[in-house]
There are 2 protein chains.
Amino acid sequence: MKKHYQPVTTDVVIFTIEDGQLKVLLIKRANEPFKDQWALPGGFLFEDEEPEHAAVRILKDKAGIKNVYVEQLYTFGGSGRDPRGKIITVSYFALVPKEKIKISVSDKIQTPTFRSVKKLPDIAFDHNRIITYALKRLQSKLEYTNVVYSLLPRYFTFNQLQNAYEIISGRKLDKRNFRKKFMLLKLIKATKKVLKGERQRPAKLYEFTHHKPAELKKFF
Amino acid sequence: MKKHYQPVTTDVVIFTIEDGQLKVLLIKRANEPFKDQWALPGGFLFEDEEPEHAAVRILKDKAGIKNVYVEQLYTFGGSGRDPRGKIITVSYFALVPKEKIKISVSDKIQTPTFRSVKKLPDIAFDHNRIITYALKRLQSKLEYTNVVYSLLPRYFTFNQLQNAYEIISGRKLDKRNFRKKFMLLKLIKATKKVLKGERQRPAKLYEFTHHKPAELKKFF
DNA sequence: CCAAAAGTGTTGACTGTACACCCATGT
DNA sequence: ACATGGGTGTACAGTCAACACTTTTGG
C-alpha cells in the first residue's frame with residue numbers, strides 16, 4: 001500500500017428557479033485551460049480542505065449565499081476530463097431560492113450568471129456531463145424527499161410549488177390532484193397571508209413546517 | 001485557485017449472500033493504524049490511479065473476482081476518520097454471487113472473511129458508517145433497479161430470488177404476489193432446467209434475460 | 001363586466017395485498 | 001405414506017388519474 005497524493009478539485013452545480021425556468025450558475029473561466037469559456041464554479045481544494053467545505057466556500061464566493069441545501073453528487077476520476085492530466089473531482093449540487101442569491105458585482109471577469117438548463121452554452125471540461133447528472137439526481141430527489149423547500153421562498157403559493165415540480169420534472173400536473181396529494185404529506189401549512197396585487201383572486205401563502213431534509217414514503 | 005495534493009484512499013464494501021445471510025467482506029489489518037483489527041479492504045490510490053480502478057483492483061486481489069457489479073458509494077472527507085490526518089476516501093460497493101468468489105488462501109495475514117452484516121465485529125476507522133451507508137443504498141437500489149441479478153448465480157429458483165429480496169430488505173414477502181410482480185417485469189425467463197435432489201418437488205430454474213444494470217419504473 | 005388565476009369533489013380504473021390449497025419429489 | 005418446499009387465483013381495499021365549474025380580485 002503505497003501512499004500517493006492526488007490533485008483534487010470540487011465543482012458545484014447550483015440550481016435555482018427563475019422566470020419559470022430551472023437555471024444553473026456558470027462562470028467565465030479567467031485562466032487556462034478553457035480560458036473565457038463557461039464552466040461550473042469550482043477549483044482545487046486548499047491544503048487539508050475537505051471537499052464539502054470547498055463546496056460551501058464556492059457557494060459563498062460565487063453566489064453570496066450560505067445555509068442552503070448542499071449534497072454530494074459524484075466523484076469523477078480519470079483522464080480525458082482535464083487537459084492537465086488525471087484529476088479527481090468531487091462534485092456537489094446545491095439548491096437555492098432565487099431571493100437569497102447575491103452575486104458579487106465586483107466579479108467582472110468571471111461574471112457568474114444563471115443560465116437555463118434548457119439552453120446551455122458550450123461548457124468547459126466535462127461539466128456538461130456533471131450538469132446532466134445533477135439534473136437527473138434533482139429530478140429523482142423531488143420524488144421521494146422534501147428538497148423542494150430549498151428552492152422556494154419562505155412564503156409561497158400553491159402554484160409556485162406546483163410550478164417547481166413541473167419545471168424540474170418536465171411534465172404538467174393536475175392542479176387538484178397535486179394539492180390533495182401534497183396536503184396529505186403535512187409538509188406545509190397555510191398562513192394567514194395572501195399574495196395580493198395580481199389582477200386575479202389573491203392566492204393563499206403557505207410555508208414549510210420543517211426546513212430540514214427528510215425522506216418520504218413515496219411521492220410523484 | 002491554489003493547487004494542492006491530497007491523500008486519497010478507496011474502500012470497497014463487497015456484499016454477497018451466503019447461508020441465507022447478507023455478508024460483507026472484511027480483512028484483518030496488517031499495518032498500523034488499527035493493526036489486527038477488522039476493516040474494509042482498501043488503501044491508498046496508486047500514482048495517477050483512478051478511484052474506480054483501485055476498487056476493481058481490490059476486488060480482484062481480495063476476493064479473486066472480476067466483472068462484477070461495482071458502484072461508487074460516497075466520498076468521505078475530513079478529520080476524525082483516520083488518525084493519520086485528513087484523508088479523502090472514495091468508497092464503492094460491489095455485489096458478487098457467492099459462487100464466483102475465490103479468496104486467496106495464501107493471504108494468511110489479512111484472512112479476508114465474509115461476515116454477516118447482522119453481527120459485525122469491531123471495525124477500524126469509520127468503516128461501520130460506510131457499511132451502514134452501503135446497506136441503505138443496496139436496499140433502495142433493490143427497489144428500483146435490477147441489481148439483484150448480480151447477487152445470484154446464473155440459474156436460480158424463484159425462492160432464491162425472493163430470499164435475496166427478503167434478506168436485504170429485512171421483511172417477508174408474499175410468495176404469490178412476489179412471483180406475479182416479478183414476472184411482469186420480464187427480467188427473467190424460465191429455463192428447461194430444474195433443481196432436483198432436494199427432498200421436495202423440484203424447482204424450475206430461471207435466468208436473467210439481461211446482465212446489465214437497468215432502472216425500472218417501480219418495484220417493491 | 002370582463003379576464004385571469006384561485007380554489008374545490010367525485011368517479012372509474014388500476015394496483016397492491018391478503019389469503020389456502022394441491023403438486024411433485026425424496027425418504 | 002408423509003414431510004417438504006413448489007406452484008397457483010381470487011376478491012377486497014386503497015391509491016391514482018381524469019375531469020369542470022364557481023370564486024375573487026384588478027383593470
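T111(B) sits in a loop of chain B, the one running between strand 6 (88–95) and strand 7 (113–116). This residue has a positive phi of about 35° although it is not a glycine. Its relative accessible area is 30%, so T111(B) counts as partly exposed. Keep in mind that this is a predicted model. Here is the rest of the picture, from backbone details up to the way the two chains are related.

**Backbone details in the loops**

- D48(B) is another residue with a positive phi, near 60°, and again it's not a glycine.
- You'll find D48(B) in the loop of chain B that links strand 4 (42–44) to helix 1 (51–63).
- D48(B) has 42% relative accessibility, and since anything between 20% and 50% is called partly exposed, that is the label D48(B) gets.
- In chain A, the peptide bond from E32(A) to P33(A) is cis, with omega near -5°.
- P33(A) belongs to the loop between strand 2 and strand 3 (38–39) of chain A.
- Over in chain B, E32(B) and P33(B) are joined by a cis peptide bond too, with omega about -5°.
- P33(B) is placed in the loop of chain B that connects strand 2 (21–28) with strand 3 (38–39).

**A closer look at Q21(A)**

- Q21(A) is part of strand 2 (residues 21–28) of chain A.
- With a relative accessible area of 25%, Q21(A) is partly exposed.
- Skip the neighbours within four places in sequence, and Q21(A) is in contact with T16(A), S116(A), K119(A) and I167(A).
- F44(A) is 23 residues away from Q21(A) along the chain, and their C-alpha atoms are separated by 30 Å.

**How chain A is built**

- Chain A has four helices and nine strands.
- Reading from the N terminus, the order of elements is β-β-β-β-α-β-β-β-α-α-α-β-β.
- The radius of gyration of chain A is 19 Å, close to the 17 Å that the globule rule gives for 220 residues, so chain A is as compact as a globular protein of that length.
- Along the principal axes, the C-alpha trace of chain A spans about 60 × 45 × 30 Å.
- Take the contacts in chain A with a separation of 6 or more: 68% of them come from residues 24 or more positions apart.

**Surface and charge of chain A**

- Of the 220 residues in chain A, 50% are buried, meaning under 20% relative accessible area.
- Chain A exposes about 11,900 Å², and carbon and sulfur atoms supply 49% of that area.
- Chain A carries 43 positive and 23 negative charges, and the mean positions of the two sets are 9 Å apart.

**How the two chains go together**

- As background, two copies of a chain are related by a rotation about an axis and a shift along it.
- Here, a turn of 180° and a shift of 0.0 Å along the axis lay chain A on chain B with an RMSD of 0.0 Å.
- That is the relation of a two-fold axis.
- Which surface do the copies meet through? They use the same one, because 94% of the interface residues of chain A are also interface residues in chain B.

Methods: Residues are numbered from 1 along each chain as its sequence is written. Chains are lettered from A and ligands numbered from 1 in the order in which they are written. This is a predicted model: local features need pLDDT of at least 70, side-chain atom pairs count only at pLDDT 80 or more; totals for chains, interfaces and linings use all residues. Side-chain values use heavy atoms; hydrogens and water are left out. Helices (H or I, at least four residues) and strands (E, at least two) are DSSP runs, numbered from the N terminus. The radius of gyration is taken over C-alpha atoms; the globule rule is 2.2 Å times the number of residues to the power 0.38. Buried means under 20% relative accessible area, exposed over 50%, partly exposed in between (1.4 Å probe, protein chains only). Contact means heavy atoms within 4.5 Å. Accessible areas come from the Shrake-Rupley method with a 1.4 Å probe; for residues, only the protein chains shown count as cover. Lys and Arg count as positive and Asp and Glu as negative; His and the chain ends are not counted. The place of a charge is taken as NZ of Lys, CZ of Arg, CG of Asp or CD of Glu. Copies are superposed by least squares on the C-alpha atoms of residues with pLDDT of at least 70 in both.
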